[in-house]
Amino acid sequence: IAGAEGPTYTLAANDPAAAGTYTMEVGYLDPDTGELLGSTTSETSISVVAAEPTVITQALPPSLKLDVGTSTALSVGAEGTAGLALAYIWRHDGEIIADAPTYTLAVNDPAAAGTYTVEVGYLDPDTGELFGSTTSETAISVVTAALVNLSARTRLQPGTSSLTLGLVVGGSQSKSLLLRGIGPTLANYGVTQPLLRPSLSLYATGVFRQSVLRWGGSSVLLDAFARAGAFSLPLDSDDSAFTTEVSPGAYTVQLLPLDGGATGIALIEAYALDTSPSSPPLLNLSVLSTTGPGQDTLIAGFVVRSAAPRRLLIRVIGPSLAPYGVANPLPFPRLTLLDEKGAILADNLGWSDRPELAAAFAAAGAFPLSPGSTDAAAVVELPSGAYTVQASAVPGTAPSGAALIELYDLDALVPRS
């Protein structure tokens, strides 16, 4: 080693080439030949090991939920031995997918779910393998963001034909639904004057498909109630319920009093039974009936399931129903959106011809509202949870009339750029 002629030698292990056998020969210098005389030798073997890289930033939690159709950057920062370049290997369920500090994951389908690991180390130029490495890991689950159920409650009055629920199924596969028309069992939850004998019918684009008068206490329906998280019904009750498979398209469900002009408070419900990431989404939900003050208010409940806040268009329509033949529409409707704790999230007394709302109507495929109408509408962003929309009258105006509540999943209908 050139220049190393003293009793001490400082070894700088800057790279793996510093490894090897080091010897020190001690003796007497022959001034004529420059050779050592009467010498002895001491020897040591030195190996060089790179320090394990240290992960200093981890952008992901141990687990992460993502919506189908979104993307996210998985990134890791590390520091290691000076003079040695770090290398990265990303794996999805053990399969190598990338070799950079950052990997952008595009969640195009449910198969994107799984365990993602990044191994950080030093690249051996001879073998192409990493040495001195460390590994960081995250588990990713994938959900299909969607509206997963809708319910509506109101009082059926004399002359009120029905409580009508509408829904639109997207995608390309069939969807399994649980539909219920509840009347007498509402008394168990403090509702006075429930509708005693509700009947329930399903229509596909106006064509009759199925009807039921009593649910009958079947084990199949009991299992469906449990899967949907729906409250139980007495085995001998006169409430209505059935399950059905529907193809993509538009459907209406009508709740009618079995006894002609019978009156009372009724609840209509639609639950998506298949909520896997590959399940087709519910794109649009609506309910049409008469609303009034107090217990007669038309109330729609819905549940959002999403990893990220979901954009929804919500409308409460009264005056603009008249051109479609709806009698006695509510002249001044009010839209009130509440979360499951009862906190008011939106309160709209009229859409006021706002251009951004008109653009949302067109993007969602919703029918246009009459210019200058007093119908109510709002675009909101909602995280996963349960919500209710109340269709009531603006204070000081006619308290009763026909109203339509509509929900549109804008993120499913018009994906964000």
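1. In this predicted model, the charged end of arginine 180 is placed over the ring of phenylalanine 225, at 4.6 Å from the centre of that ring. Arginine 180 also lies over the face of phenylalanine 231, where the distance to the ring centre is 4.6 Å, and the side chain should therefore be read against both rings, since a charge counts as sitting over a ring when CZ of Arg is within 6 Å of the ring centre and within 35 degrees of the ring normal.

2. On aromatic contacts, a search of the whole structure returns 8 aromatic pairs. One of them joins tryptophan 90 and tyrosine 103, whose ring centres are 6.4 Å apart and whose planes meet at 35 degrees, so this pair is classed as tilted. Tryptophan 90 belongs to strand β6 (residues 86-92) and tyrosine 103 to strand β8 (residues 102-106), so that the contact links distant parts of the chain, 13 residues apart. Tryptophan 90 and tyrosine 103 are both buried.

3. Phenylalanine 225, already named as lying beneath the charged end of arginine 180, also pairs with tryptophan 215: the ring centres are 5.2 Å apart and the planes stand at 45 degrees, which makes the pair tilted. Because tryptophan 215 lies in the loop between β15 (207-212) and α1 (219-228), while phenylalanine 225 is in helix α1, the pair ties together parts that are 10 residues apart in sequence.

4. As for the surroundings of this second pair, tryptophan 215 is buried, with a relative accessible area of 4%, and phenylalanine 225 likewise counts as buried, at 2% relative accessibility.

Terms used. Residues are numbered from 1 along each chain as its sequence is written. This is a predicted model: local features need pLDDT of at least 70, side-chain atom pairs count only at pLDDT 80 or more; totals for chains, interfaces and linings use all residues. Side-chain values use heavy atoms; hydrogens and water are left out. Rings of Phe, Tyr and Trp (its six-membered ring) pair if their centres lie within 6.5 Å; planes under 30 degrees apart count as stacked, over 60 as edge-to-face and the rest as tilted. Helices (H or I, at least four residues) and strands (E, at least two) are DSSP runs, numbered from the N terminus. Buried means under 20% relative accessible area, exposed over 50%, partly exposed in between (1.4 Å probe, protein chains only).
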